[in-house]
Amino acid sequence: MVGSAHGGESNRLLITGAAGNMGRLLRPLLRHDDRILRLGDIVEIDDAQPGDEVVNVDVRDPEAVAKACQDVDAVLHLGGLSTEASFDDVLQVNVVGTHNVLRAVVDAGVPKVILASSNHAAGFYRRGDVPEGSDGLPDELPARPDTFYGWSKASIEALGALYHHRFGVDITVLRIGTCFAEPADTRALATWLAPSDAARLVEACLAFPDNGFRVVWAVSDNTRRWWTLAGARALGYESSDDAERFAADRIARFGEPELTDPVHDMVGGAFVSTPLGELMS
Ligand code: 15L
């Protein structure tokens, strides 16, 4: 690799939340001979591979986060609560936790960060907001969170902007759709981010040479997609998957999606009507 941030020969990527859903899906896809994965999580990681580094880190603990960020070239920040929770929990884990990561990144001189935001930061946009003639809802839309969780993601987006404009950290915010091995329902036929595409997008962010701050939709090029891929493509991302290959099965099981139903009409789907602060199953 060329020009490691810490002057060494390695290329070290810290993944926070490495034991979570996306962390587990992405690790095998991001592990390369010329890259060391540093796996950070609050829970024990018992499936690390030879060459991986493991750090036990609660993102609420600034000292532990500072240690985890030493000698890394980039951070993929996935750590945090991934669905609705109490205001105080999302505040502490997602917002304070992300602040700790960004503070540590600046102190350690890490040049590049990818922040996992969510479609729920913009959950109250609807299909009618798609500009005519475009390929979907634009990137960089002002936040319209649908839950305390979505609010916490909107807050970390703004923290990312602060740390880019103040300190020059290159920050890409991903408004992630539905990243699971397969789309589980008919909403996800539009919102799915295939794990292989998630890895492609992360690689594109890591390789992108220009310093900046950007908020992009993170979704596969699904036939039913209604969020633009323009911002992700500008980073060099090309999706290679499409949830449509699951459509016949999901429609047979759940019925044809009714696009005027808020679950399909609104970015945030069922989150827009979930009781605020209540844990979701
Ligand atoms: C998210 O942000 C959640 O982390 C994930 O569990 C899904 O609910 C996803 O959004 C989605 O909207 O499908």
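This passage looks at the ligand in the predicted model and at the pocket around it.

Start with the ligand's immediate neighbours. The shell around the ligand is made up of Ser82, Ser118, Asn119, His120, Tyr149, Gly177, Thr178, Phe180, Arg187 and Phe271. Sorted by class, these shell residues come out as six polar, three nonpolar and one charged. Three of the side chains in the shell also turn up in polar pairings with ligand oxygen atoms. For histidine 120, a side-chain N or O atom sits 2.7 Å from an oxygen atom of the ligand. The side chain of tyrosine 149 likewise places an N or O atom 2.7 Å from a ligand oxygen atom, and for asparagine 119 the distance from a polar side-chain atom to an oxygen atom of the ligand is 3.0 Å. As for cover, the ligand on its own has 320 Å² of accessible area, and the protein covers 81% of that.

Now for the wider surroundings. The ligand occupies the largest pocket, which holds about 1100 Å³ of space. A total of 44 residues line this pocket, and those closest to its centre are Asn21, Leu81, Ser82, Thr83 and Tyr149. Ser82 and Tyr149 thus appear both here and in the shell around the ligand.

Several secondary-structure elements contribute two or more residues each to the pocket lining: helices H1 (21-30), H4 (148-167) and H5 (188-191), together with strands E2 (36-41) and E5 (112-118). In terms of class, the lining of the largest pocket counts 20 nonpolar and 18 polar residues, with six charged ones besides.

How values were computed:
Residues are numbered from 1 along each chain as its sequence is written. This is a predicted model: local features need pLDDT of at least 70, side-chain atom pairs count only at pLDDT 80 or more; totals for chains, interfaces and linings use all residues. Side-chain values use heavy atoms; hydrogens and water are left out. A residue is near a molecule or strand if one of its heavy atoms lies within 4 Å of it. A polar contact is a pair of N or O atoms within 3.5 Å; within protein, one must be able to donate a hydrogen and the other to accept it, and residues adjacent in sequence count only if both atoms are side-chain atoms. Accessible areas come from the Shrake-Rupley method with a 1.4 Å probe; for residues, only the protein chains shown count as cover. On a 1 Å grid over the protein atoms alone, a cavity is a set of points where a 1.4 Å probe fits but cannot get out, and a pocket is an open set with protein on both sides within 12 Å along at least five of seven lines; lining residues have an atom within 4 Å of a point. A molecule sits in a cavity or pocket if more than half of its atoms lie within 2 Å of its grid points. Ala, Val, Leu, Ile, Met, Phe, Trp, Tyr, Cys and Pro count as nonpolar, Asp, Glu, Lys and Arg as charged, and the others, Gly among them, as polar. Grid points are joined across faces, edges and corners, and a volume is the space filled by probe spheres set on the points. Helices (H or I, at least four residues) and strands (E, at least two) are DSSP runs, numbered from the N terminus.
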